[in-house]
Amino acid sequence: MDRANSRDRALRDRAEAVIPGGMYGHQSTALLPEDYPQFFQRGEGAHIWDADGRRYLDLMCAYGPNLFGYANPDIDAAFVRQLGLGDTLTGPTALMVELAETLTAMVTHAEWAIFCKNGTDATSMALSISRAHTKRRVVVRAKGAYHGAAAWCTPRPAGVIDSDRAHQVFCDYNDVASLEAAVAEAGDDLACVFAAPFRHDVFVDQAEPDPAYAHRARQLCDERGALLVVDDVRAGFRLARDCSWTRLGVQPDLSSWGKCIANGHALSALLGSDKARAAAASVYSTGSFWYQAAPMAAALATLRLIRETDYLERITALGERLRAGLDERARAAGFGFRQTGPATLPLFLFDDDPDLRKGFCFASAMLDRGVYVHPWHNMFMCAAMTEADIEAALDAAEGAFAELKRRGGALPPVEKLAFLTTGAR
Ligand code: PMP
């Protein structure tokens, strides 16, 4: 299509004038291939339509929130029904209590819930509550792990001052010795250890959690009287119908949730055990929209589908089918193509691709064939995907690998990503 005369281009030009940098955050123009659309008009099931009306099978699922399909009729009907009754009111509705009861019944370690809007709200609250509980300051967390965009955890340095980053000690994910060293460095000032459910950092292969690392984190927190936090904002309910580390037999004190818990409606949550209840009650946590009832109605409908359907088994099977099919096609085309992490949250990286030029070209070639993939961030499977969608993605990949092969060494460098791949982030 003629991108130069597209609606997307026209919107970008207008955005340039009224939105700093033309776009911010994870969709900023600096981070994705040039031909990726910036603006969308709608989503249905597993598909999205860009501003120019092109339809894509969407392997990003809105970076996670889409678990049961865009515009899911059951979930959206619950949302709309509550919207008609009242959404942002002077106080919460009964749905808040019902939702807290539902989540605490589903998530083994949880005995209370606080609702908020973004994952960052939940992770930042986890840090404050840990500090209030222990009356200590230091958080130990893994290098490169994303926990949100607040000053204490944003991956980019602009606007951040040293004191925002104070009292943090970093370790290497899955490295027990490094975790022990970080905890030792924190000494008697350790407030909490933050853990991602698996290593899902950008630009590098994902890694399943080593059970020894998870158990040691639990043990160290117990020895020191510190709290263990599992950040399930991204992976929550795509690995288990419980906190993700339950699979390893490790229960955190706090877990942060967001993204898919209301299937795209604005809601996040911090769940906690009794140990942290008094501290949670003491921290002033709130926001103008945190009591909104309609997203809570959507969450109750979403959680019902999580409990009562085989969505998890289905998205796991679809993810495994996609992985096996891509492996076959990459091998046949002669590419070293690494697919890492759980099948429900896949990440693709090419061997010998330090500046991601192969990854960018593959992503563009997939987009051209109607499949939206990400060149360096993990993707997400959703329950609206079908076997036919996976076959379509595999056909697209066959064409994309062939195109990459045809272009051989003539791929353009991805200069705009240099600031990220050189470790400057
Ligand atoms: N933690 C993790 C693990 C995440 O993946 C994200 C978002 N990508 C966040 C926290 C922050 O969530 P939000 O963008 O909703 O603030």
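Modeller: Tyr 63 sits in the loop between strand 3 and helix 2. This is a predicted model, with residues numbered from 1 along each chain as its sequence is written. Local features need pLDDT of at least 70, side-chain atom pairs count only at pLDDT 80 or more, totals for chains, interfaces and linings use all residues, and side-chain values use heavy atoms, with hydrogens and water left out.

Colleague: What makes a stretch a helix or a strand here?

Modeller: Both are DSSP runs, numbered from the N terminus: H or I over at least four residues for a helix, E over at least two for a strand. Helix 5, for example, covers residues 176-186 and holds Ala 181.

Colleague: Why is Tyr 63 called buried?

Modeller: Its relative accessibility is 7%. Buried means under 20% relative accessible area, exposed over 50%, and partly exposed in between (1.4 Å probe, protein chains only). At 7%, Tyr 63 is therefore buried.

Colleague: And what is notable about the phi of Tyr 63?

Modeller: It is positive, about 65°, although Tyr 63 is not a glycine. Most residues other than glycine have a negative phi. Ala 62 also has a positive phi, near 60°. Ala 62 lies in the loop between strand 3 (55-58) and helix 2 (73-85).

Colleague: Why does Ala 62 count as partly exposed?

Modeller: Its relative accessible area is 39%, between the two cut-offs, so it is partly exposed. Ala 181, at 44%, is partly exposed too.

Colleague: Why is Arg 216 buried?

Modeller: Its value is 19%, so it falls under the buried limit. Arg 216 belongs to helix 6 (residues 211-224).

Colleague: What makes Asp 352 exposed?

Modeller: Asp 352 has 66% relative accessibility, so it passes the limit for exposed. Its place is the loop between strand 12 (347-350) and helix 10 (357-368).

Colleague: How do you know that His 109 makes a polar contact?

Modeller: A polar contact is a pair of N or O atoms within 3.5 Å; within protein, one must be able to donate a hydrogen and the other to accept it, and sequence neighbours count only if both atoms are side-chain atoms. A polar side-chain atom of His 109 is 3.2 Å from the backbone oxygen of Pro 252. His 109 is also buried, because its relative accessible area is 5%.

Colleague: What makes a residue part of the ligand's surroundings?

Modeller: One of its heavy atoms must lie within 4 Å of the ligand. Among the residues that qualify are Asn 118, Tyr 146, His 200 and Lys 259.

Colleague: How is that shell sorted by residue type?

Modeller: It has two nonpolar, six polar and three charged residues. Ala, Val, Leu, Ile, Met, Phe, Trp, Tyr, Cys and Pro count as nonpolar; Asp, Glu, Lys and Arg as charged; the others, Gly among them, as polar.

Colleague: Which ligand atoms come within range of Asp 231, Arg 234 and Gly 119?

Modeller: A ligand nitrogen is 2.6 Å from a side-chain N or O atom of Asp 231. A ligand oxygen is 2.8 Å from a side-chain N or O atom of Arg 234. A ligand oxygen also lies 2.7 Å from a backbone N or O atom of Gly 119. The protein covers 86% of the 390 Å² of accessible area that the ligand has on its own (Shrake-Rupley method, 1.4 Å probe).
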